[in-house]
Amino acid sequence: MQLLAFALSAALAQISTNLDNLALLLAIALPVGMMRAVVGYVLAQVIVMTLAVGIGIGAGHLMAGGTGWLGLIPILLGVLSLIRRTSDTPGSDRITAGASVPLVVMLFLGLSMDSLAVMTPLLADSLPPYRMAGVVGGLGGASALAALAVWLHKFALAGGWLSRLDRVAPFIMIAAGVYVLWDSWTDLV
């Protein structure tokens with residue numbers, strides 16, 4: 001039951017830090033094509049999760065007993081995101097119809113650094129079974145967002161509500177950082 005709860009927490013963290021990616025998926029679906037956009041998004045999320053696991057395991061070995069301090073990273077990013085919220089100008093990036101999947105992957109990687117910053121400490125500070133549950137949850141959350149984008153694109157229900165949902169992400173980042181700082185049953189030590 002605890003593994004499932006941890007997987008769901010990782011999925012929530014992944015979803016909340018990828019709401020900007022969902023908006024981009026919907027925005028580039030017309031010029032690039034939904035299939036190309038989804039494939040690029042999913043590949044980017046697999047790369048981010050692979051990096052998070054690799055960096056997390058490395059940090060776990062290098063910082064044995066101190067990996068919880070990595071929780072300061074998502075807290076800081078969440079606070080900075082709250083401070084800079086008013087200066088962001090969404091939609092400034094443009095993609096043409098000829099955009100290749102690698103270009104789409106690079107675009108989504110650029111938007112996924114917040115996911116990397118949240119998932120890395122979460123996985124670094126977890127025992128191996130919880131780490132695996134976190135990876136499954138994170139990839140499940142990314143897959144759920146891809147499926148939601150396809151559904152929204154198909155039924156053209158996307159609108160202003162998505163930008164309002166994106167406002168929750170900084171708070172989720174801060175909460176994930178606090179969780180990593182907090183000693184719990186999922187920790188390495």
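Student: Why are helices H1 and H6 called roughly antiparallel to each other?

Tutor: In this predicted model, the axes of H1 (residues 2-16) and H6 (residues 113-124) cross at roughly 160 degrees and come within 10 Å. An angle over 145 degrees counts as roughly antiparallel. The crossing angle of H1 and H6 is roughly 160 degrees, and therefore the two helices are roughly antiparallel. As to handedness, H1 passes H6 in a right-handed crossing.

Student: What makes the contact between H1 and H6, and how do its residues divide by class?

Tutor: From H1 come Phe6, Ala10, Ala13 and Gln14, which meet Ser115, Val118, Met119 and Leu122 of H6. By class, these residues comprise 6 nonpolar, 2 polar and no charged. Gln14 and Ser115 are part of this contact, and both count as polar because neither type is listed as nonpolar or charged.

Student: How do you know whether glutamine 14 is buried or exposed?

Tutor: Glutamine 14 is found in helix H1 and has a relative accessible area of 0%. Buried means under 20%, so glutamine 14 is buried. Apart from residues up to four places away in sequence, glutamine 14 touches Gln45, Met49, Ser115, Met119, Gly138 and Ala142.

Student: Which term, parallel or oblique, describes H1 with respect to H7, and why?

Tutor: The axes of H1 and H7 cross at roughly 45 degrees and come within 7 Å. That makes H1 oblique to H7, because 45 degrees is neither under 35, nor between 65 and 115, nor over 145. The crossing of these two helices is right-handed.

Student: Which residues make the contact of H1 with H7, and what is their class composition?

Tutor: H1 contributes Gln2, Leu3, Phe6, Ala7, Ala10, Ala11, Gln14 and Ile15. The H7 side consists of Pro129, Tyr130, Ala133, Gly134, Gly137, Gly138, Gly141, Ala142 and Leu145. The classes are 11 nonpolar, 6 polar and no charged residues. The glycines of H7 enter the polar class because Gly is counted there by definition.

Student: Why are H2 and H7 called oblique to each other?

Tutor: H2 (residues 19-32) packs against H7 (residues 128-155) at an angle of about 40 degrees, and their axes are 10 Å apart. An angle under 35 degrees would count as roughly parallel, and one from 65 to 115 as roughly perpendicular. The angle of about 40 degrees fits neither range, and H2 and H7 are therefore oblique. H2 passes H7 in a right-handed crossing.

Student: What makes up the contact of H2 with H7?

Tutor: Leu19, Leu22, Leu25, Leu26, Ala29 and Leu30 of H2 lie in contact with Leu145, Ala146, Leu148, Ala149, Leu152 and His153 of H7. The contact has 11 nonpolar, 1 polar and no charged residues. His153 belongs to this contact, and histidine counts as polar because His is named neither among the nonpolar nor among the charged types.

Student: How do you know whether arginine 131 is buried or exposed, and what does its side chain reach?

Tutor: Arginine 131 is found in helix H7. Its relative accessible area is 12%, which is under the 20% limit, so arginine 131 is buried. The side chain of arginine 131 reaches two backbone oxygens, that of leucine 123 at 2.9 Å and that of serine 126 at 2.9 Å. A polar contact requires N or O atoms within 3.5 Å, and the value for leucine 123 satisfies that distance, as does the value for serine 126.

Student: Why is alanine 37 called buried?

Tutor: Alanine 37 is found in helix H3 (residues 34-62). With a relative accessible area of 0%, against a limit of under 20%, alanine 37 is buried. Leaving aside neighbours within four places in sequence, alanine 37 is in contact with Leu25, Ile28, Val32, Val104 and Phe108. Alanine 27 is 10 residues from alanine 37 along the chain, and their C-alpha atoms are separated by 9.5 Å.

Student: What places proline 121 among the buried or the exposed residues?

Tutor: Proline 121 is found in helix H6, and its relative accessible area of 1% is under 20%. Proline 121 is therefore buried. Its C-alpha is 9.7 Å from that of isoleucine 57, although 64 residues separate the two in sequence.

Student: What are the overall counts for the protein?

Tutor: There are 9 helices and 0 strands, and 44% of the 189 residues are buried. Among contacts between residues at least 6 apart in sequence, 90% join residues at least 24 apart.

Terms used
Residues numbered from 1 in each chain as written. Predicted model: local features only at pLDDT ≥ 70, side-chain atom pairs only at ≥ 80, totals over all residues. Heavy atoms only, no water. Axes fitted to C-alpha atoms, helices over the stretch in contact; angles between N-to-C directions. Helix = DSSP H or I, 4+ residues; strand = E, 2+ residues; numbered from the N terminus. Left-handed = near helix turned anticlockwise from the far one by under 90°. Contact = heavy atoms within 4.5 Å. Buried < 20%, exposed > 50% of the residue type's maximum accessible area, 1.4 Å probe, protein only. Polar contact = N/O pair within 3.5 Å; in protein donor to acceptor, adjacent residues only side chain to side chain.
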